[in-house]
Amino acid sequence: MPVEITWWGHATCTVEDSGTRVLTDPLFARRLAHLRRRRGAPPPPSAARADVVLVSHLHADHLHLPSLARLAPGTRVLVPRGAPRSVPGLRRLRALEITEVEEGARVEVGGVAIEAVPAAHDGRRLPVGPHRSPALGYVVSGEARTYFAGDTGLFDGMADAVGEVDVALLPVGGWGPHLGPHHLDPARAAEALTRLAPHSAVPVHYGTYWPIGMDAVRPHEFHTPGDEFVRQAALRAPRVAVHLLAHGESVRPEVAR
């Protein structure tokens, strides 16, 4: 069965490959602190069904404890090294099988192998967490090689660190009117395509959450990153098939045979 990607919003995706369900950075909330979900219904209960969950870094919109608590007992969760020490609430999720990983780690779950790869991003638990846990990306290898970038900026050696991939799940925006350092905007995400040269790409991490009371502030930053990534990718990496998904929509992208 070909790999299937479902985008639930923000950085939350299900990657189904070789009979294994991989869930990325689960965030199922209608509201998170000062953010509210402005587009797409919250994911259905079935979205929490996974054989393994990948957590890219400790920011609350990527490591969201109430969303992790919705996972079935025994679900394996890969987190950056040091995460349970930095986020004590993780230690209270005793029903989950939490595994700390770092760059270069390789874990096999079901029919896939998962490799942790570097990311250029502040991995701390903000606002005051210490620099204990690195931000990570992951490559899921089964019938396809799928790169989940988490949150990252461009970095030297990106292509070598990630390796050859069929599908790239790339962040192209954020949740506020400005992107800080070590993020990808549509243009930088398109540049990442030129370095990685995947067969297909899916833009994520945009158009889902926005600060309460800021609907009128730079609204194009909320609405347009996906379309702009499609435009930039067509200019810079025209051989890559870009799949612009609606919330809850799935695609079976082309992979190398």
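Helices and strands here are DSSP runs, a helix having at least four residues and a strand at least two, numbered from the N terminus. The model is a predicted one.

**Two alanines with positive phi**

By that numbering, Ala33 lies in the loop between β4 (31–32) and β5 (35–37). Its phi is near 50 degrees, a positive value in a residue other than glycine. Most residues other than glycine have a negative phi. Ala33 counts as exposed because its relative accessibility is 59%, and the cut-off for exposed is over 50%.

Ala197 has a positive phi too, of about 50 degrees, although it is not a glycine. Ala197 is found in the loop between α4 and β14. With a relative accessible area of 55%, Ala197 is exposed.

**Aromatic pairs**

A pair of aromatic rings is described by the distance of the centres and the angle of the planes. With ring centres required to lie within 6.5 Å, the count comes to two aromatic pairs. Trp7 and Tyr206 form a stacked pair, at 5.3 Å centre to centre and with 15 degrees between the planes. This pair links distant parts of the chain: Trp7 is in strand β1 (residues 4–9), while Tyr206 is in the loop between β14 (200–204) and β15 (209–211), 199 residues apart. Trp7 counts as buried at 1% relative accessibility, and Tyr206 counts as buried at 6%.

The rings of Trp210 and Phe222 have their centres 5.4 Å apart and their planes at 70 degrees, so this pair is edge-to-face. Trp210 belongs to strand β15 and Phe222 to helix α5 (residues 220–223), and the pair links distant parts of the chain, twelve residues apart. Trp210 counts as buried, with 0% relative accessibility. Phe222 also counts as buried, at 1%. The ring of Phe222 has a further partner: the charged end of Arg38 sits over it, 4.6 Å from its centre.

**Helix α6**

Helix α6 (residues 225–236) has twelve residues, which at 1.5 Å a residue should span 16 Å. Its end C-alpha atoms are 16 Å apart, in agreement with that expectation.

Which residues of α6 are buried? They are Pro225, Gly226, Phe229, Gln232 and Ala233. Seen down the axis of α6, the buried residues fall within an arc of 125 degrees, so they line one face of the helix. An α-helix has 3.6 residues a turn, so residues three or four places apart point the same way. On the other side of α6, Asp227, Ala234 and Leu235 are exposed. The cover over the buried residues of α6 includes β13 (167–171), α4 (186–196), β14, α5 and β16 (241–242). Helix α5, part of that cover, is also the helix that holds Phe222.

**Salt bridges**

The structure holds seven salt bridges. Among them are the three in the table.

| Pair | Closest N to O distance |
|---|---|
| Arg76 and Glu97 | 3.7 Å |
| Arg81 and Glu102 | 2.8 Å |
| Arg195 and Glu191 | 3.3 Å |

Arg76 lies in strand β7 (residues 76–80) and Glu97 in strand β8 (residues 97–101), so their salt bridge ties together parts that are 21 residues apart in sequence. Arg76 counts as partly exposed at 21% relative accessibility, and Glu97 counts as partly exposed at 40%.

The salt bridge between Arg81 and Glu102 links distant parts of the chain, 21 residues apart. Arg81 is in the loop between β7 and α2 (83–86), and Glu102 is in the loop between β8 and β9 (106–109). Both ends count as partly exposed, Arg81 at 38% relative accessibility and Glu102 at 40%.

Arg195 and Glu191 both lie in helix α4, four residues apart, about one turn of the helix. Arg195 is partly exposed, with a relative accessible area of 34%, and Glu191 counts as partly exposed at 25%.

**His183**

His183 lies in the loop between β13 and α4. Is His183 buried or exposed? Its relative accessibility is 16%, so His183 counts as buried, the cut-off for buried being under 20%. Not counting residues up to four places away in sequence, His183 touches His121, Asp151, Thr152, Gly153 and Arg188.

Conventions
Residues are numbered from 1 along each chain as its sequence is written. This is a predicted model: local features need pLDDT of at least 70, side-chain atom pairs count only at pLDDT 80 or more; totals for chains, interfaces and linings use all residues. Side-chain values use heavy atoms; hydrogens and water are left out. Rings of Phe, Tyr and Trp (its six-membered ring) pair if their centres lie within 6.5 Å; planes under 30 degrees apart count as stacked, over 60 as edge-to-face and the rest as tilted. Buried means under 20% relative accessible area, exposed over 50%, partly exposed in between (1.4 Å probe, protein chains only). A charge sits over a ring if NZ of Lys or CZ of Arg is within 6 Å of the ring centre and within 35 degrees of the ring normal. The expected span of a helix is 1.5 Å times one less than its number of residues. The arc is that of the directions from the helix axis to the C-beta atoms. Contact means heavy atoms within 4.5 Å. A salt bridge is a side-chain nitrogen of Lys or Arg within 4 Å of a carboxyl oxygen of Asp or Glu.
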